[in-house]
Amino acid sequence: MTEKEQEKLYRLIKEEILKYLSENDLKKGKKTSEPPKYTDIDAEIAERLIKRAILKAKELKVNITAAVVDKGGNLVLLRRMDKAIVASIDVAVKKAYSGLSLNCPTSQINLEEFPGLEQLMKDKIVLFGGGYPVKYKGNLIGGIGISGGNSKQDEEIAVFAIEDVIKNL
């Protein structure tokens with residue numbers, strides 16, 4: 001990665017941090033009236049996400065592996081359905097991490113927006129569907145990765161799990 005590309009990446013990261021701080025009134029020194037109930041994914045939320053993902057996978061007749069990471073990118077829970085391919089384990093974890101770390105669905109990652117990212121994080125980032133950030137009340141709390149179906153199926157399963165679990169928190 002060239003120095004110019006590195007500077008652009010740092011600038012993008014700084015802009016995102018400032019945007020986050022501004023959105024939460026922290027930049028102005030104001031405290032929010034009530035902190036969000038959930039600021040990170042814990043084992044209970046991860047279990048609920050994976051249960052819903054597996055339910056949807058069974059409905060679609062797809063054998064998947066589902067992974068959930070906390071907001072630090074650490075694996076919280078991984079579950080592989082009996083007939084899911086072994087390769088789906090690693091892919092699901094990378095999808096969860098990718099969705100979280102770039103704060104967008106993996107199918108929408110545009111490497112042109114992040115010059116040098118592919119070289120910098122080549123072993124961690126996945127660029128096809130099934131990874132999503134998980135947000136609670138607008139705050140990023142983790143990520144989910146689904147692997148085992150085609151990209152469209154993996155995305156459908158991830159979206160279903162997130163929407164169903166988050167609306168009931």
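**Exercise 1. Find what Arg79 pairs with, and say which parts of the chain the pair connects.**

Step 1. Arg79 forms a salt bridge with Glu47, and the closest N and O atoms of the two are 3.2 Å apart. A salt bridge here is a side-chain nitrogen of Lys or Arg within 4 Å of a carboxyl oxygen of Asp or Glu.

Step 2. Arg79 belongs to strand 2 (residues 75-80) and Glu47 to helix 2 (residues 43-60), so the pair ties together parts that are 32 residues apart in sequence. Helices (H or I, at least four residues) and strands (E, at least two) are DSSP runs, numbered from the N terminus.

Step 3. Arg79 is partly exposed at 29% relative accessibility, and Glu47 is also partly exposed, with a relative accessible area of 23%. Buried means under 20% relative accessible area, exposed means over 50%, and partly exposed lies in between (1.4 Å probe, protein chains only).

A note on the source: the model is predicted, and local features need pLDDT of at least 70, side-chain atom pairs count only at pLDDT 80 or more, while totals for chains, interfaces and linings use all residues. Residues are numbered from 1 along each chain as its sequence is written, and side-chain values use heavy atoms, with hydrogens and water left out.

**Exercise 2. Describe the salt bridge of Lys56 and the one between Lys167 and Asp164.**

Step 1. Lys56 forms a salt bridge with Glu156, where the closest N and O atoms are 3.6 Å apart. Lys56 lies in helix 2 and Glu156 in helix 5 (residues 151-167), so this pair ties together parts that are 100 residues apart in sequence.

Step 2. Lys56 is buried, with a relative accessible area of 11%, whereas Glu156 is partly exposed at 34%.

Step 3. Lys167 and Asp164 meet through their side chains in a salt bridge of 4.0 Å, N to O. Both residues lie in helix 5, 3 residues apart, which is about one turn of the helix.

Step 4. Lys167 is exposed, with a relative accessible area of 61%, while Asp164 is buried, with 16%. Salt bridges that share partners join Arg52, Asp164 and Lys167 into one network. The structure holds 8 salt bridges.

**Exercise 3. Work out what surrounds Asp70, a buried residue without a salt bridge.**

Step 1. Asp70 lies in strand 1 (residues 65-70). The nearest side chain of opposite charge is that of Lys71, 8.9 Å away; for this count, Lys and Arg are positive and Asp and Glu negative, with His and the chain ends not counted.

Step 2. A polar atom of the Asp70 side chain lies 2.9 Å from the backbone nitrogen of Gly72.

Step 3. Leaving aside residues up to four places away in sequence, Asp70 touches Asp40, Ile41, Val76, Leu100, Ile141 and Gly142, where contact means heavy atoms within 4.5 Å.

**Exercise 4. Decide whether Ala66 and Ser147 are buried or exposed, and list some of their contacts.**

Step 1. Ala66 is placed in strand 1 and counts as buried, at 0% relative accessibility. Beyond four places in sequence, the residues that Ala66 touches include Ile50, Ala53, Leu77 and Arg79.

Step 2. Ala66 and Ile89 are 23 residues apart in sequence, and their C-alpha atoms are 7.8 Å apart in space.

Step 3. Ser147 is found in strand 4 (residues 139-147) and also counts as buried, at 7% relative accessibility. Among the residues that Ser147 touches, again not counting those up to four places away in sequence, are Asn63, Thr65, Ala92 and Asp154.

**Exercise 5. Look at the surface around Ile13, and then at the whole chain.**

Step 1. Ile13 has its place in helix 1 (residues 3-23) and is partly exposed, with a relative accessible area of 41%.

Step 2. Tyr10, Ile13 and Ile17 form a nonpolar patch on the surface, and together they have about 300 Å² of accessible area.

Step 3. The protein chain has 5 helices and 4 strands, which follow the pattern α-α-β-β-α-α-β-β-α along the sequence.

Step 4. Of the 169 residues of the protein chain, 40% count as buried. Among contacts between residues at least 6 apart in sequence, 64% join residues at least 24 apart.

Note on methods:
A polar contact is a pair of N or O atoms within 3.5 Å; within protein, one must be able to donate a hydrogen and the other to accept it, and residues adjacent in sequence count only if both atoms are side-chain atoms. Patches are made of residues with over 30% relative accessible area and no salt bridge: like charges are joined within 9 Å, nonpolar side chains (Val, Leu, Ile, Met, Phe, Trp, Tyr) within 5 Å. Accessible areas come from the Shrake-Rupley method with a 1.4 Å probe; for residues, only the protein chains shown count as cover.
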